[in-house]
Amino acid sequence: MAIDPRLIVTGFGPDGAAVIVHDASVAPITARALPGQEMYLLWGSPDGGATVGPKADGPVTLPFFAGAGGTRLLLVRFPPASAIAGLPAASSPEDQAEIDAEVEERLPGLMDVFQPGDPSGMHTTDTLDYGICLEGELWLELDSGDEVRLTPGACVVQQGTRHAWHNRAETPALMAFVGVGAERPS
C-alpha cells in the first residue's frame, strides 16, 4: 500500500501548552515538465535560520530550494522510467514555453538547477540534502559515473554534488528529503 503523505504540525495554545495546530493530508504538485512525478511540499523555514516558540515563523515551501540557512521538507514520488518512456515531447516552441512556465509557476526555482537540453537529469544545488528512500527503489547517479541503488531505509547525504535520480524499477519510488540551504565557497 502506497504511503499517503500527511503533515502534522505542533504549536502553542493560548495558555502556552503544546497543541496540534495542523493535521491533514498533503496534495501533490505535478507539472508536465516532470511527467508522472509528484512533489509534496510539506514545510520549510526561512533563509537565515528557523525560529521556534509561540511566535515562530510559518512554513516557507517556495522557492523550491532554500537559500543559506533555510530548510525544505518534501516527499517526491518518482514514476518508473518505463511509465514515461516514449511520452511525446513538446510539439512546438510555444508548447515548450507553456510547459516551462507551468513548472516555474508551481515549483519556482526547481528547473534553474538543470542544464537546458541535457536529458540526463543531472543537476547541482547549493543545499545539503538528507534523503531517505521510503518506497520502491531508486538509483542515485553522480557525474563521475558512480551509481548506488536505494531501497527503503537507505539514507543519502547529498553534499551539493552533481547528481541525477533514476527509477529503473516497475513501481513508483518515494523519497523524503530535507534540504538545508548552504553556502558554496569559491
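## Salt bridges around helix H2

In this predicted model, Glu-102 counts as buried, because its relative accessibility is 16% and the cut-off for a buried residue is under 20%. Glu-102 forms a salt bridge with Arg-106, and the closest N and O atoms of the two side chains are 3.2 Å apart. Both residues belong to helix H2, which spans residues 93-106, and because they are four residues apart there, about one helical turn separates them. Arg-106, in contrast to its buried partner, counts as partly exposed, with a relative accessibility of 34%.

Side chains of opposite charge can pair when their charged atoms come close. The count of such salt bridges in the model comes to 10, and one group of them is a network that links Arg-32, Asp-95 and Glu-98.

## Salt bridges between separate segments

Which parts of the chain does the salt bridge between Arg-162 and Asp-118 tie together? The N-to-O distance in this salt bridge is 3.3 Å. Arg-162 is in the loop between strand S8 (155-159) and S9, whereas Asp-118 is in the loop between H2 and strand S5 (127-135), so the pair connects parts that are 44 residues apart in sequence. Arg-162 is partly exposed, with a relative accessible area of 25%, and Asp-118 is also partly exposed, at 27%.

A further salt bridge joins Arg-149 to Glu-137, with 2.8 Å between the closest N and O atoms. Arg-149 belongs to strand S7 and Glu-137 to the loop between S5 and S6, so this pair ties together parts that are 12 residues apart in sequence. Arg-149 counts as partly exposed, at 44% relative accessibility, and this residue also has a place in the strand pairing described next.

## The three-stranded sheet

Three strands form an open sheet in the order S7-S6-S9, and their pairing is antiparallel. Strand S7 (147-150) and strand S9 (163-166) are the edge strands, each of them pairing on one side only. From one strand to the next, the twist averages 20°.

Strand S6, made up of residues 138-142, runs antiparallel to S7 and is joined to it by four bridges. Which residue of S7 is the bridge partner of Trp-139? The partner is Arg-149, the residue whose side chain also forms the salt bridge with Glu-137.

## Nonpolar cores

The largest nonpolar core has 20 residues, and among these Met-39, Leu-107, Trp-165 and Met-175 touch the most other members. At least two residues of this core come from each of strand S3 (38-45), strand S4 (71-78), S6 and strand S10 (173-181).

Leaving aside residues up to four places away in sequence, the contacts of Met-175 include Leu-74, Leu-75, Val-76 and Phe-78, together with Gly-131, Ile-132 and Cys-133. Met-175 also touches Leu-138, Leu-150 and Trp-165. A second core of eight residues is separate from the largest one, and its members include Leu-7, Val-9, Leu-42 and Leu-75; Leu-75 is thus among the residues that Met-175 touches, although it is a member of the second core.

## Aromatic pairs

A pair of aromatic rings is described by the distance of the centres and the angle of the planes. The count of aromatic pairs in the model comes to three. In one of them, the rings of Phe-64 and Phe-65 have centres 4.9 Å apart and planes at 80°, so the arrangement is edge-to-face. Phe-64 is buried, with a relative accessible area of 8%, whereas Phe-65 counts as partly exposed, at 23%.

The rings of Trp-165 and Phe-177 also form an edge-to-face pair, because their planes stand at 65° with the centres 5.5 Å apart. This pair links distant parts of the chain, with Trp-165 in strand S9 and Phe-177 in strand S10, 12 residues apart. Both of these residues are buried, and ring pairs join them with Phe-78 into a cluster. Trp-165 and Phe-78 are both among the residues that Met-175 touches.

## Helix H1 and Ala-83

Helix H1 comprises residues 81-84, and Ala-83 has its place there. Is Ala-83 buried or partly exposed? With a relative accessible area of 47%, Ala-83 is partly exposed. Ala-83 and Gly-44 are 39 residues apart along the chain, and their C-alpha atoms are separated by 31 Å.

Notes: Residues are numbered from 1 along each chain as its sequence is written. This is a predicted model: local features need pLDDT of at least 70, side-chain atom pairs count only at pLDDT 80 or more; totals for chains, interfaces and linings use all residues. Side-chain values use heavy atoms; hydrogens and water are left out. Two strands pair if DSSP finds at least two bridges between them. Axes are lines fitted to C-alpha atoms, for helices over the stretch in contact, and angles run from 0 to 180 degrees between N-to-C directions. A nonpolar core is a set of buried Ala, Val, Leu, Ile, Met, Phe, Trp, Tyr and Cys residues joined through side-chain atoms within 4.5 Å. Buried means under 20% relative accessible area, exposed over 50%, partly exposed in between (1.4 Å probe, protein chains only). Contact means heavy atoms within 4.5 Å. Rings of Phe, Tyr and Trp (its six-membered ring) pair if their centres lie within 6.5 Å; planes under 30 degrees apart count as stacked, over 60 as edge-to-face and the rest as tilted. A salt bridge is a side-chain nitrogen of Lys or Arg within 4 Å of a carboxyl oxygen of Asp or Glu.
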